[in-house]
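Student: I would like a close look at a single part of this predicted model, namely the largest pocket, together with the parts of the chain that can be described alongside it. Which residues lie nearest its centre, and which elements give two or more residues to its lining?

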Amino acid sequence: MKELIIPCTYFDNPGEENTLKTLQLSKKWAEELKIKNIIVASSSGKTGIKASELFKGINLIVVTHSTGFLKPNFQELSSENRRIIEKNGAKVLTCQHAFGGVGRAVRKKLGTYELEEIIAYTLRTFGEGTKVAIEISLMAADAGLIPVNELCISIGGTSKGADTALILKPINAQTFFDLKIMGFICKPKNF
């Protein structure tokens with residue numbers, strides 16, 4: 001196997017202003033490495049729409065916050081943005097967060113952290129976008145929307161937009177410690 005060099009772009013700051021560049025770099029490496037599965041986090045749908053326009057013809061999974069994340073019975077992704085994303089050929093995944101859920105309920109009710117949130121805090125030492133990219137890859141694999149035997153690109157962000165992209169070998173949540181991060185495409189250096 002020949003050596004593969006994937007340079008990482010480091011953004012000065014995290015956030016939404018890096019979205020377009022993150023998506024463009026991800027597309028470049030998807031084409032270069034013939035990666036057919038892309039996962040992107042999108043709460044409001046703005047990033048999901050941009051990604052669905054750029055990644056036509058690729059298995060694109062747009063992962064939203066779970067319904068009720070901000071408040072009961074509320075979904076941040078509008079039905080109009082969902083319609084546009086799906087019309088562009090992408091799939092939308094709305095489900096329980098891999099690093100949230102019942103563990104978060106324990107923290108809120110009893111004031112103690114559970115394993116999932118400890119893992120999330122540990123991953124945040126690489127930046128919020130890294131934690132998000134890993135988490136959404138678990139969610140997409142668990143939903144059967146991406147294969148676990150192929151590399152994918154997973155794109156996350158800090159608060160709004162996208163600022164982090166990873167090349168990884170996805171895995172199901174129940175085998176989390178078999179997940180392999182093969183490379184960083186981009187991430188913020190200050191977070």
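Tutor: What follows takes the pocket, then some residues and helices that can be read alongside it.

The model is a predicted one, and every value below is computed from it. The largest pocket holds about 630 Å³ of space, and its lining consists of 31 residues, among which Ala41, Ser42, Ser43, His65 and Ser159 lie nearest the centre. Two or more lining residues come from each of helix 2 (46-54), helix 6 (128-142) and strand 5 (152-156), with helix 6 giving the most, six residues. Sorted by class, the lining has 13 polar and ten charged residues, beside eight nonpolar ones.

Of the residues nearest the centre of the pocket, Ser159 is one that can be described further. Serine 159 sits in the loop that runs between strand 5 and strand 6 (164-169), and serine 159 counts as exposed because its relative accessibility, 76%, is over the 50% cut-off. Its backbone deserves a careful look, since most residues other than glycine have a negative phi. Serine 159, although not a glycine, has a positive phi of about 70°. Asparagine 73 is another residue other than glycine with a positive phi, in this case near 65°; asparagine 73 belongs to the loop between strand 3 (59-63) and helix 3, and is exposed, with a relative accessible area of 76%.

Helix 6, which gives the most to the lining, also contains isoleucine 136. With a relative accessible area of 4%, isoleucine 136 is buried, because that value is under 20%. Beyond its neighbours up to four places away in sequence, isoleucine 136 touches Ile39, Val40, Ala41, Val63, Ser154 and Ile155, and among these Ala41 is one of the residues nearest the centre of the pocket. The C-alpha atom of isoleucine 136 is separated by 11 Å from that of asparagine 172, which is 36 residues away along the chain.

Valine 40, one of the residues that isoleucine 136 touches, is found in strand 2 (residues 37-41) and counts as buried, at 0% relative accessibility. Leaving aside neighbours within four places in sequence, valine 40 is in contact with Thr47, Ala51, Leu60, Ile61, Val62, Val63, Ile136 and Ile155. Along the chain, valine 40 and alanine 162 are 122 residues apart, yet their C-alpha atoms are separated by 8.2 Å.

Thr47 and Ala51, both among the contacts of valine 40, also take part in the meeting of helix 2 with helix 1, in which Thr47, Lys50, Ala51 and Leu54 face Thr19, Leu23, Gln24 and Lys27 of helix 1. By class, the residues of this contact are three nonpolar, three polar and two charged. Two packed helices are described by the angle between their axes and the distance between the axes. For helix 1 (residues 19-33) and helix 2, the axes come within 11 Å and cross at roughly 35°, and the crossing is right-handed.

Helix 2 (46-54) can be followed a little further through asparagine 88, whose contacts, not counting residues up to four places away in sequence, are Ile49, Ser52, Glu53 and Lys56. Asparagine 88 itself lies in the loop between helix 3 (79-87) and strand 4 (91-93); with a relative accessible area of 18%, asparagine 88 falls under the 20% cut-off and therefore counts as buried.

Conventions:
Residues numbered from 1 in each chain as written. Predicted model: local features only at pLDDT ≥ 70, side-chain atom pairs only at ≥ 80, totals over all residues. Heavy atoms only, no water. Helix = DSSP H or I, 4+ residues; strand = E, 2+ residues; numbered from the N terminus. Buried < 20%, exposed > 50% of the residue type's maximum accessible area, 1.4 Å probe, protein only. Contact = heavy atoms within 4.5 Å. 1 Å grid on protein atoms, 1.4 Å probe; cavity = no way out; pocket = protein on both sides within 12 Å on 5 of 7 lines; lining within 4 Å. Points joined across faces, edges and corners; volume = space filled by probe spheres on them. Nonpolar A, V, L, I, M, F, W, Y, C, P; charged D, E, K, R; others polar. Axes fitted to C-alpha atoms, helices over the stretch in contact; angles between N-to-C directions. Left-handed = near helix turned anticlockwise from the far one by under 90°.
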